[in-house]
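Please open the model in your viewer and keep a selection panel at hand. The tour below goes from one selection to the next and says what can be found at each stop.

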Amino acid sequence: TNMNKTLTSNKDLTVAIVGTGNVATHLMKALGGKCRLIRILPRTPEDIPSSTDIALIAVKDDAINEVADKIAGKAGIVAHTSGSVPMSALAGAAGHTGVFYPLQTFSKGVELNYSEIPVFIEGDCTHTVESLSALAGLFSDNVIEADSSQRKQLHLASVFACNFSNRLAGIADMILRDAGMDYKVLLPLLRQTISKLETLSPDEAQTGPAAREDMNVINSHLDMLKEKPRLQRIYSDITNEIISTHNNH
């Protein structure tokens, strides 16, 4: 569309990012030099200039409503960056509202390749979807339209894939520290685990004692965890999940 052309070549596009956290920090970097960027502190959202084309609210989920109320009427389009909050949370914040959800785990100070981050877009009309998609296209090669219910599923799926797997690495760290070892010895294994998923489905890539139903090893692991009932339960639940999935294939 015409809109996309003007946006991508247009340094006059004014984008305000409300927030000081990980997402806001990375969006400032991803969009740096590609449009006119303004950083707005969540404490003083009223500082937003009324000429703002797009305002991205990148604050904690439970603060989105309050920020949206305070910037009401100042920006052409107001969008939030949350995975689990519906677009309706922005009702009344602007003539046009939407969602600009980058699916990535953001930590300050950790470099990212912004071009590969998928950005999921929702908007109240075609114009909003096109404008937010063009903005996402300034850094991402992977811009996808998704509604609020799809985004909730995405968020749930990413908690399992990312947050839970990171916690499992944390448990591995604990186990290795007890043995006087460093969890970093696991990094080549973890890298391979992820890179296999480029060519295999997670089910096809599954290995280990549960996939082989090697009860001797499983029972010996459970025995090693008997002083740690919570970890024993996690081990047992995930083992059962793998066994039942493999039996169904």
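Is F139 buried or exposed? The model is a predicted one, and in it F139 has a relative accessibility of 8%, which means that F139 counts as buried, since the cut-off for that class is under 20%.

**The whole chain**

Before zooming in on that residue, display the protein chain as a cartoon, where the secondary structure comes to 10 helices and seven strands. Along the principal axes, the C-alpha atoms fill a box of roughly 65 × 35 × 30 Å. The protein chain has 249 residues, of which 35% count as buried. If you switch on a surface, its accessible area comes to about 14200 Å², with 54% of this belonging to carbon and sulfur atoms. Among the contacts between residues at least 6 apart in sequence, 52% join residues at least 24 apart. Colouring by charge brings up 23 positive and 28 negative charges, and the mean positions of these two sets are 7 Å apart.

**The aromatic cluster**

Now select F139 together with Y114, one of the four aromatic pairs that the structure holds. The two rings of Y114 and F139 are arranged edge-to-face, with 6.4 Å from centre to centre and 80° between the planes. This pair links distant parts of the chain, for Y114 sits in the loop between β5 (96-102) and β6 (119-123), while F139 sits in the loop between α4 (126-137) and β7 (143-145), 25 residues apart. Like its partner, Y114 is buried, here with a relative accessible area of 15%. Add F100 to the selection, and you have the cluster of F100, Y114 and F139 that is linked by ring pairs.

To see what else surrounds F139, show its contacts while leaving out residues up to four places away in sequence: F139 then touches L27, A30, L31, F100, Y114, S115 and V119.

**The nonpolar cores**

F139 also leads into the largest nonpolar core, which has 26 residues; those that touch the most other members are V15, I17, L56, F100, L132, L135 and F139. The elements giving two or more residues to this core are β1 (14-18), α2 (22-31), β3 (52-57), β4 (75-80), β6 and α4, and α2 gives the most, with five residues. A second core, separate from this one, has 18 residues, among them I57, V78, A89 and A93.

**Helix α2**

Which residues of α2 are buried? Select the helix and highlight A24, H26, L27, M28, A30 and L31, which are the buried ones. Among the elements that cover these buried residues are β1, β2 (36-40), β3, β5 and α4. Follow the backbone past the helix and you come to G33, whose phi is positive, near 80°.

**T14 in β1**

Next, select T14, which lies in strand β1. T14 has a relative accessibility of 5% and therefore counts as buried. Apart from neighbours within four places in sequence, T14 is in contact with R36, I38, S51, T52, D53 and I54.

**T128 in α4**

Moving on to helix α4, select T128, a residue whose relative accessibility is 0%, so that it counts as buried. With neighbours within four places in sequence left aside, the contacts of T128 are I77, H96, T97, G98 and G123.

**V143 in β7**

The following stop is V143, in strand β7. At 32% relative accessibility, V143 counts as partly exposed. Its contacts, once neighbours within four places in sequence are set aside, are V119, I121, S133, A136 and G137. If you draw a distance from the C-alpha of V143 to that of S115, the viewer should give 10.0 Å, for two residues that are 28 residues apart in sequence. V119 and S115 may be familiar from an earlier stop, as both are touched by F139.

**E213, between two helices**

Where is E213 found? Select the loop between α8 (209-212) and α9 (215-224), and E213 is there. Its backbone is worth a look, as phi of E213 is near 50°, a positive value in a residue other than glycine. E213 counts as partly exposed, at 36% relative accessibility.

Definitions and conventions. Residues numbered from 1 in each chain as written. Predicted model: local features only at pLDDT ≥ 70, side-chain atom pairs only at ≥ 80, totals over all residues. Heavy atoms only, no water. Phe/Tyr/Trp six-rings, centres within 6.5 Å; stacked < 30°, edge-to-face > 60°. Helix = DSSP H or I, 4+ residues; strand = E, 2+ residues; numbered from the N terminus. Buried < 20%, exposed > 50% of the residue type's maximum accessible area, 1.4 Å probe, protein only. Core = buried A, V, L, I, M, F, W, Y, C linked by side-chain atoms within 4.5 Å. Contact = heavy atoms within 4.5 Å. Areas by Shrake-Rupley, 256 points an atom, 1.4 Å probe, with all protein chains shown as cover. Lys, Arg positive; Asp, Glu negative; His and termini not counted. Charge placed at Lys NZ, Arg CZ, Asp CG, Glu CD.
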